[in-house]
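Reader: Before I rely on any label attached to this model, I would like to hear how each one was reached. Could you take me through the reasoning step by step?

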Amino acid sequence: MKVRLITATAAFALMLGTAMSAQAASTLRYCSEGSPEGFGPQLFDAGTTLDAVRPVFNRLIETKFGTTDPVASLAEKWEVSDDGLTYTFHLRQGVKFHTVKGFKPTRDFNADDVVFSFNRMLDKNNPYHAVNGGTYAYFEGMGMPDKMKSVEKVDDMTVKVTLNAPEAPFIAELGMEWASILSKEYADQLEKEGKKEQIDLVPVGTGPFVFVDYQKDAVIRYKANKDYWRGKQKVDNLVFAITKDPAVRKAKLEKGECDIYPYPAAADLAELKANPKLTVEESEGPNVAYMIMNNKMKPWDNKIVRQAVNMAINKDAIVKAVFAGGAKPAVNPLPPTIWGYNDAVKGYPYDPAKAKEMLESQGVKDLKVDLWYQPVSRPYNLDGKKMGELMQADLAKVGINVNLVTYDWAEYLKRMHAGESPLGQIGWGADIGDPDNFMYLHGCGGTGNPPGQNNEKWCNNEYDALLKQGLETSDQAKRVEIYKKAQELIHEEAPIVPIVHSVTFMPMSKKVDGYVIDPLGIHNFENVGLK
Amino acid sequence: MIRFVIQRVLLIIPTFLGAALLTFVLIHAIPGDPVQMLLGEKVIDPVRHQELLAQIGLDKPLPIQFVDYVWNVLQGDFGKSIQSKESVLSDFFQLFPATLELAFCAMVFAVVIGIPAGVLAAERRGSVYDHTLMGAALTGYSMPIFWWGLLLILFFSLYLGWTPVSGRIDLDYYFEDGTNFMLYDSLVSGQEGAFASAVSHLILPTIVLGTIPLAVIARMTRSAMLEVLGEDYVRTARAKGLSGFRVVGIHALRNALIPVVTVIGLQVGTLMAGAILTENIFSWPGVGSWLVNSIYQRDYPSVQGGVLLIAGFVILVNLSVDLIYGLLNPRIRGRR
């Protein structure tokens, strides 16, 4: 009986072993952190979704791998009119769209595809505008409906985009996923077949990988695009294995069930780095966590009080406790990875004694105030509560007694945008590699009326003028100077306390070849191979 | 019997309506709106924000939204997911086979081990075996699922290397136009090693999800058996010289099973709740983790539809259990 049991167990273990050892050498397996909401690049703005659509699509402009520099993609070159309002794009010849089940393209990419892609979002009368909800979250979140006036075809390979006002970062903005180019031929075919919804379910683009299948919440499969205009991919297949728990992602990498994964838990980094079969790539994240002081409330309308609070927060302690060392203390609202960063600005020193003295000089003593801490983990703030507790302890030392408060995330944002938070944590991750993408958060557009995203409700006409100048200037060297000035101003006025810029980590098998961490935090598998 | 069936079926209507109302009220009671969740830290013009809310029908007063919703559901329209933009029914039925397969295996695991273990514990009441088993059952019942799951992964997948860490099948296997019942798909695909891979992926999630029902079934079987074993007819059977197996296995167990069947029916609800955590740990693409994500994203149609469909499933299972119970025990059928 015993012998039979052992034999059966051994046979079963062998069977499992056989089942698990079968692995194709040319499949890159990425253990992604969540499910995509869909496959329409225009409809969504969550990083997880954009990672899943990125392999399929190209845009007119893209960023050079590993940098924030815009480079030509489906547009080979472009010209900007002197008034900064008209952009003329000359399109790349010979680019082929993917063939998927039920669709085989009969022509190459041309201006019709570009006009269709933009007008779907811009033109409410476009037959595809209302398809699948008609909500273009990222496009709208970037203010594009107000910025873009029209997109017109000049000839088959030339497109003209007209803006309502000069927008220097526009070229960089075209590198975002909402600006992906869809196939008009595919859209027309689906319209004829009465299956318009398919456009965002079975994506057809010109990108390095062709979409094969999505098993909801489990696996996304792609195969290499044989006709890709930038050349053949190093792997035959790309698979996203959706694995929501970071501890399980780590276990899968260690066991060889995936080759690379994002967002490791801070506590696991030391063990991952010590594993001889793995490497952990890291890069400073393009983000910032900061604490706002509501300038519409007392005593935060007083500059000296705000400067004192900047001296009261021990950022090094936060880096150690919240990020296990995986972050850098912030000085400016702009991360150092974005051009235009002002390294001449020196951060306020951590000096609680001086801070207390400054506060007392302004009559701030034994103050009781609410501090809002973030209820969710974000790349720039992994643990809002822990960060809140550290801030609470720091502020208690200078005579500010903090009551920690939070809300559900959507409610938190809504109330903070409405100006209800006296002190509160918030942050930002880069959409594009342009300083305006961070600096505009603190502007009021010269109106004196802070918009929602200006959570500290601080308005300064000089600052607003600099932002406007930055948008209207096309010369990058001049723009650097403008944003450097803006950073000096914000440092002096201290409406916020910049806390940290987190570091992005990507643990991967040593077999993975050519993966470059993107400074904008996106996960890109073009030209990534396996040794 | 027909009257009994009609009574049980009619009871479904208020239960179903109650579930719909409760879900609707609870999900709307959570602050925050889905448009803000879509936008994250970004801000759009408040007028446009209202327009977007109106587009998904959230601008109307709540009672009207509820009536509209129930009316649509009665016509088989569960709405479209705010997140995926697909129909809730389509999202649900893409995922439900995975949950059903896991729940079924977990239940088989719980029943196949739980009933014999409970019978043995009752038969050897007060022995070391009884105490060990009931101690283990209590531990199993109290064990946090996420901790238990990770512990098993660490031991069986990483330390021993016997089972895969997560997922439903090795990534190399792919079945075009499958049913989403992985055991079936892998078996009929004819691909070498596919079925073994699907089974190996099921082992740990089955154990994790089946642990609590197993503990409940074992304890219930034990106490029901103890009660039955003390009955006169069992004593008579023993006195007549019947073998221990016949007395316990045939005479006593059949009667002890009646409350156990009810408990098994009730455990279907527990399985559905447990599936949420188990699915998350083992990256099991079922309705549990989908529902949790929908709650986070304030995807009202998905949450309402998902809960209603799962509630419908649990109600149906319990109805079947009630009917089987009635069949097994004519006294109960007659009383009602």
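Reader: Why is Ala324(A) called partly exposed?

Author: Ala324(A) has 15 C-beta neighbours inside 10 Å, and since a residue is buried with 20 or more other C-beta atoms within 10 Å of its own, exposed with 12 or fewer, and partly exposed in between, with C-beta atoms placed from the backbone, Ala324(A) therefore counts as partly exposed. Ala324(A) lies in the loop between helix H11 (315–323) and strand E13 (327–329) of chain A, where helices (H or I, at least four residues) and strands (E, at least two) are DSSP runs numbered from the N terminus. Its phi is positive, about 50°, although Ala324(A) is not a glycine.

Reader: On what basis were these features accepted, and how are residues and chains labelled?

Author: This is a predicted model, in which local features need pLDDT of at least 70 and side-chain atom pairs count only at pLDDT 80 or more, while totals for chains, interfaces and linings use all residues. Residues are numbered from 1 along each chain as its sequence is written, and chains are lettered from A and ligands numbered from 1 in the order in which they are written.

Reader: What makes Tyr263(A) partly exposed?

Author: Tyr263(A) has 19 C-beta neighbours inside 10 Å, so Tyr263(A) counts as partly exposed. Tyr263(A), found in the loop between H8 and helix H9 (269–274) of chain A, also has a positive phi of about 50° without being a glycine.

Reader: Why is the peptide bond from Lys298(A) to Pro299(A) called cis?

Author: The omega of this bond, from Lys298(A) to Pro299(A), is near 0°, and the bond is cis. Pro299(A) is found in the loop between strand E12 (287–293) and helix H10 (303–312) of chain A.

Reader: What makes a set of residues a nonpolar core, and which members of the largest one touch the most others?

Author: A nonpolar core is a set of buried Ala, Val, Leu, Ile, Met, Phe, Trp, Tyr and Cys residues joined through C-beta atoms within 7 Å. In the largest, of 154 residues, Leu60(A) and Tyr290(A) touch the most other members, and strand E17 (residues 496–509) of chain A gives the largest share, 8 residues. Apart from it lies another core of 65 residues, including Trp284(B).

Reader: How do you know which residues Tyr290(A) is in contact with?

Author: Two residues are in contact if their C-beta atoms, placed from the backbone, lie within 7 Å. Leaving aside neighbours within four places in sequence, the contacts of Tyr290(A) include Pro333(A), Ile426(A) and Ile496(A).
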